[in-house]
Amino acid sequence: MFGELSDREKACLSWTASGKSSWEVGRILSISENTVVFHIKNAMRKLGATNRTLAAVKAIELGLIQPAAENARPRSVGVESK
């Protein structure tokens, strides 16, 4: 590994490991899709991974992240859950 992952890189990878797209991760974390891609690419470089899936798998194997749980998603203000 070529550096420690930031909290935001870990969060993006965690949601990626749960099957979320960059757009979905951006909505969940209240950041832009481009920012998600930026963090995932940094994590890929640090982990020596050639794609986002491999980066997520490596991070899980190293004990750096766990796949995010769907019920851990922050709720939007003013939106009722059913």
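pLDDT is the predictor's confidence in each residue, from 0 to 100. That score is a good place to start, because what you see above is a predicted model. Across the chain the pLDDT averages 88, and 83% of the residues score at least 70. Among the helices, confidence is lowest in H4, with a mean of 96, and highest in H3, at 98. Residues 75-79 are another story: there the pLDDT is below 50, and beyond near neighbours in sequence this stretch has one contact in the model.

Now let your eye run along the chain from its N terminus. The elements follow one another as α-α-α-α, which gives four helices and zero strands. Of the 82 residues, 34% are buried. If you take the contacts with a separation of 6 or more, 59% of them join residues 24 or more positions apart. On the outside, the chain exposes about 5500 Å², and carbon and sulfur atoms supply 51% of that area.

Let us look inside next. The largest nonpolar core has 19 residues, and Cys12, Leu13 and Leu29 are the ones that touch the most other members. Each of H1, H2, H3 and H4 supplies at least two residues of this core, while H3 gives the most, with five. Leu13 shows how such a residue is surrounded. Setting aside neighbours within four places in sequence, Leu13 is in contact with Leu5, Ala43, Leu47, Arg52, Ala55, Ala56, Ala59 and Ile65. One of these partners, Leu47, lies in helix H3. Leu47 counts as buried because its relative accessible area is 6%, under the 20% cut-off. Leu47 also sits 9.9 Å from Leu62, C-alpha to C-alpha, with their positions 15 residues apart in sequence.

Helix H1 holds a residue worth a visit, Glu9. Is Glu9 buried or exposed? With a relative accessible area of 3%, Glu9 is buried. A polar atom of the Glu9 side chain lies 2.8 Å from the backbone nitrogen of Ser6. Leaving out neighbours within four places in sequence, the contacts of Glu9 are Glu4, His39, Asn42, Ala43 and Lys46.

Before moving on to the next helices, here is a handy rule. An α-helix has 3.6 residues a turn, so residues three or four places apart point the same way. Keep that in mind for helix H2, residues 22-29, where Ser22, Val25, Gly26, Ile28 and Leu29 are buried. Seen down the axis of H2, these buried residues fall within an arc of 165 degrees, so they line one face of the helix. What covers them includes helix H1 (7-17), helix H3 (33-47) and helix H4 (52-61).

After H2 comes Ser30, in the loop between H2 and H3. Ser30 has a positive phi of about 60 degrees although it is not a glycine. Why is that worth pointing out? Most residues other than glycine have a negative phi. Ser30 is also exposed, with a relative accessible area of 66%.

Finally, turn to helix H4. Which of its residues are buried? They are Ala55, Ala56 and Ala59. These three cover an arc of only 100 degrees around the axis, which puts them on the same side of H4. Their cover includes H1 and H3, and Ala55, Ala56 and Ala59 are also among the contacts of Leu13 that we met in the core. On the other side of H4, Thr53 and Glu61 are exposed.

Thr53 deserves a closer look. This residue of H4 counts as exposed because its relative accessibility is 54%, and the cut-off for exposed is over 50%. At the start of H4, a side-chain oxygen of Asn51 reaches to within 3.1 Å of the backbone nitrogen of Thr53. Thr53 and Gly19 are 34 residues apart in sequence, yet their C-alpha atoms are 9.1 Å apart in space. Just after H4, Gly63 takes a positive phi of about 75 degrees.

Conventions. Residues are numbered from 1 along each chain as its sequence is written. This is a predicted model: local features need pLDDT of at least 70, side-chain atom pairs count only at pLDDT 80 or more; totals for chains, interfaces and linings use all residues. Side-chain values use heavy atoms; hydrogens and water are left out. Buried means under 20% relative accessible area, exposed over 50%, partly exposed in between (1.4 Å probe, protein chains only). The arc is that of the directions from the helix axis to the C-beta atoms. Contact means heavy atoms within 4.5 Å. A polar contact is a pair of N or O atoms within 3.5 Å; within protein, one must be able to donate a hydrogen and the other to accept it, and residues adjacent in sequence count only if both atoms are side-chain atoms. A nonpolar core is a set of buried Ala, Val, Leu, Ile, Met, Phe, Trp, Tyr and Cys residues joined through side-chain atoms within 4.5 Å. Accessible areas come from the Shrake-Rupley method with a 1.4 Å probe; for residues, only the protein chains shown count as cover.
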